[in-house]
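Biologist: I should like a close look at a single part of this model, explained for a first-year student. Please begin with one loop residue and then show how the strands around it are arranged.

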Amino acid sequence: CLAALAVVSAVLLMPLLAVARSLYASGIREESVVIIPGVGVELRIARRGGKLQTEMLLLETIEEAVIAEALTFFDVFYYLLFKVSTDPPNRTRPAFRALIPALP
């Protein structure tokens, strides 16, 4: 009876552990902006599981780089945005997305 209980609890805990591990691995560990002279800007996101996500913004597609700020009653949040001219036109690409607070 005790062995059957151990098997049932192991079967129930395995999916929970898998979900917890995937949520932990999907978290952002580090974000960086790499400026490559004459080429453009590379936005990098390193995740906890070791996955590296990159996005290249070519110099000819960047129209503007904007430093914006958002004010709350107690905090000021700064944003670095790149306005790019690609499909769809006039898109903005924020850098450091993990620092942008969620809306309530």
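Modeller: If its neighbours within four places in sequence are left aside, Thr 86 is in contact (heavy atoms within 4.5 Å) with Thr 61 and Arg 91. This is a predicted model, in which local features need pLDDT of at least 70 and side-chain atom pairs count only at pLDDT 80 or more, while totals for chains, interfaces and linings use all residues. Residues are numbered from 1 along each chain as its sequence is written, and side-chain values use heavy atoms, with hydrogens and water left out.

Thr 86 and Thr 61 are 25 residues apart along the chain, and their C-alpha atoms are separated by 6.6 Å. Thr 86 belongs to the loop between E5 and strand E6 (91-95); strands are DSSP runs of E with at least two residues, numbered from the N terminus. Thr 86 counts as partly exposed because its relative accessibility is 28%. The classes are buried (under 20% relative accessible area), exposed (over 50%) and partly exposed in between, with a 1.4 Å probe and protein chains only.

Strand E5 (76-84) and E2 each supply at least two residues of the core described next. The largest nonpolar core consists of six residues, namely Val 41, Leu 43, Leu 57, Phe 82, Val 84 and Ala 95. Such a core is a set of buried Ala, Val, Leu, Ile, Met, Phe, Trp, Tyr and Cys residues joined through side-chain atoms within 4.5 Å. To state the contribution of the strands, E2 and E5 each provide at least two of these residues. In soluble globular proteins, nonpolar side chains tend to be buried together. Apart from neighbours within four places in sequence, Ala 95 touches Val 33, Leu 43, Leu 80 and Phe 82.

Val 41 leads to the sheet, for its bridge partner in E3 is Leu 57. Strand E2 (residues 40-47) and E3 pair in the antiparallel sense over seven bridges, where pairing requires at least two bridges found by DSSP. E1 and E2 also run antiparallel, joined by eight bridges. Three strands thus appear in the order E1-E2-E3, forming an open antiparallel sheet. Its edge strands, each pairing on one side only, are E1 (28-36) and E3 (52-58).

Within strand E1 lies Glu 31, which stands opposite Ile 45 in E2. At 17% relative accessibility, Glu 31 counts as buried. In the hairpin of E1 and E2, three residues lie between the strands, and Gly 38 takes a positive phi near 80°.

Conventions. Helix = DSSP H or I, 4+ residues; strand = E, 2+ residues; numbered from the N terminus.
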